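Here's a walk through one protein model, from its strands to its cores and pockets. Have the structure open as you read.

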Amino acid sequence: MWGSLAKGDFMAKATETDQYVLLPPRGLRAGSTVADTQAREVLVGTDEAAADRGVRIDGRRIPLKVIDSIGPNGAKLVELSPASALALRSLRPGLRVVPVVYYTPALAPIPHVESRPAVAGGAAAAGSITLNIVSKHDKAPVAGATVVAFVDFNGRTGAQGVTDATGRVNLALGASTIKLQRMYVYPPGGYWSLIKKNFTARSGATVTVSPLDMAYTDGLRYFYPSSPETAGSGVTVAVVDTGVAAHRDLIVAGGANTVPGEDPTDFGDNGVHHGTHVAGIIAARGTPPTGLRGVAPGVTLRAYRVFGQGTGSASSFAIAKAIDQAVTDKCDLINMSLGGGQADPVLTAAVEDARTGGSLCIIAAGNDGRKPVSFPAFDEMAMAVSAMGRKGTFPSAATESGDVAAPYGTDKANFITAFSNVGPQVDLTGPGLGIMSTVPGGYEEMSGTSMACPAVVGAAARALTPKILATRRNASRSAAMVAAILATAQPLGVGPTFEGHGMPHPK
């Protein structure tokens, strides 16, 4: 195929470039085997010092730019044209050239308006409604609340907006008084969400939302009542996420930022708050009613930020590099409350390397409404977690009431949430509906397999014995960890497709 190429530099016809990850045949680092020879030659010979010169193979130069690296013989994040990628694959077939894939936090989806109400002829109706969102406690205005109103829920017709500093939101619904099938209110923090069904909305009306009560028994505290501060002691947990903020209920022992181009020491919250919430579910050390307690407050908590500042997506390379660093830092459990992208060899390699290195990736199953488990949770070397809910652990007027769905457990108050992904790849389930936890400067309730995953990680930490933790860090250690965690799982009666082995409940 390439016999007609002239000697000298290879010049791609296409001028556009994409990001790829260069990988050895297996794992994230090239070994010393014959199969690794071609990959090792390119990976070792391509470093950031020669980033702009590309790589020379058999007398031909392949233009590429190295953006980031996982060690000298490790995976490289590069920028090159599709034509250069083809040439590289052809000239060194032992090297994998994989397009970058992006992943998002595994939060329960929020409904969105797709069209505005229309009048005859199809034009958008004129007129709007102004609503005032205030606290039920003291009638203080609630700023930054997302309000989504539907005149036709199934058709996703309606209007949405965000409250201003005075708690007001203007909704272009075509009239000053209108019948709404549903209205959702998502406050930014410190309040429960709200759903109202089949009511008449009038401009100028006031809508109240309920503040969080730290002493309230939400789903996490129902299934995992207050733990001693030493629970999970001796276990190191990595939170691969949007970063973890400083918070009075959290102790973060360290971490890293693996987002290319950002400060590698900045592993704090990126502004999305998701990682801080996840960390609190695992290891918050507060005491109600002034704080919150996680499932395993005694763990050593480390934060690995893979989401760029202010962004809601993370690249496969950043995640893989974080997993690799977590293994290097001797993390026992790696929490990954993310997913949704297509399967790719980069994360498969990282998860497999972690397992080989004596660490275990526990990953959210996804929130696509009972669809199959998403990647990377469905990887065989990971443990996938679905989201359990329980009636009575959230206010009846909260949006969580819309996520109650059959089948129900042996205790009919228990159910797998309507948003949770399910399937034979599910290993365990955890509480993931209306979970209160830490966010920068306070507390917030969130829902998703994102929340179920750290609940399971906390329980898993409490299941690991000193004997297991003292063993050599290899695949046998990881297998022993899996066995110990599954031994504590208690089926709740919804069936293995929904809950796997059940919910872990170590003593």
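Let's call a residue buried when its relative accessible area is under 20%, exposed when over 50%, and partly exposed in between, using a 1.4 Å probe and protein chains only. Helices (H or I, at least four residues) and strands (E, at least two) are DSSP runs, numbered from the N terminus. The model is predicted, so to speak of local features takes pLDDT of at least 70 and side-chain atom pairs count only at pLDDT 80 or more, while totals for chains, interfaces and linings use all residues. Residues are numbered from 1 along each chain as its sequence is written, and side-chain values use heavy atoms, leaving out hydrogens and water.

**Strands**

Start with β14 (residues 206-209), where the side chains alternate: Val 207 and Val 209 point to one face and are buried, while Thr 206 and Thr 208 point to the other and are not. Two strands count as paired if DSSP finds at least two bridges between them. Strand β8 (residues 129-135) runs parallel to β14, joined by four bridges, and Val 134 has Thr 208 as its bridge partner there.

Strand β24 (residues 426-431) is mostly covered, with six of its six residues buried. Its parallel partner is β22 (residues 383-390), with five bridges between them; Ala 384 stands opposite Val 426 of β24.

There's also an open sheet of three strands, in the order β18-β7-β20 with antiparallel pairing. Its edge strands, β18 (314-315) and β20 (338-339), each pair on one side only. β7 (residues 102-105) and β18 share two bridges in the antiparallel sense, and Tyr 103 is matched with Ala 314 in β18.

Ser 315 lies in β18 too. Why does Ser 315 count as buried? Because its relative accessibility is 10%. Beyond its neighbours within four places in sequence, Ser 315 is in contact (heavy atoms within 4.5 Å) with Val 100, Val 101, Tyr 102 and Val 306.

**Cores**

A nonpolar core here is a set of buried Ala, Val, Leu, Ile, Met, Phe, Trp, Tyr and Cys residues joined through side-chain atoms within 4.5 Å. The largest has 68 residues, and Leu 333, Ile 362 and Ile 485 have the most contacts inside it. Helix α7 (residues 449-463) gives the most to this core, with 10 residues. Another core, of 44 residues, lies apart from it and includes Val 98, Val 100, Val 101 and Ala 322.

Leaving aside neighbours within four places in sequence, Ile 485 is in contact with Leu 333, Leu 360, Met 383, Leu 428, Ala 460, Ala 463, Leu 464 and Pro 504.

**Pockets**

On a 1 Å grid over the protein atoms alone, a pocket is an open set of points where a 1.4 Å probe fits, with protein on both sides within 12 Å along at least five of seven lines; lining residues have an atom within 4 Å of a point. A volume is the space filled by probe spheres set on the points.

| Pocket | Volume | Elements that each supply at least two lining residues |
|---|---|---|
| Largest | about 870 Å³ | β12 (177-186), β26 (442-446) |
| Second largest | about 160 Å³ | α5 (316-328), α6 (345-356) |

Of the 30 residues lining the largest pocket, Ala 108, Pro 109, Ile 110, Pro 111 and Tyr 186 are the closest to its centre. In the second largest pocket, α6 gives the most to the lining, with four residues. Among the residues lining that pocket are Arg 29, Ile 323 and Asp 353.
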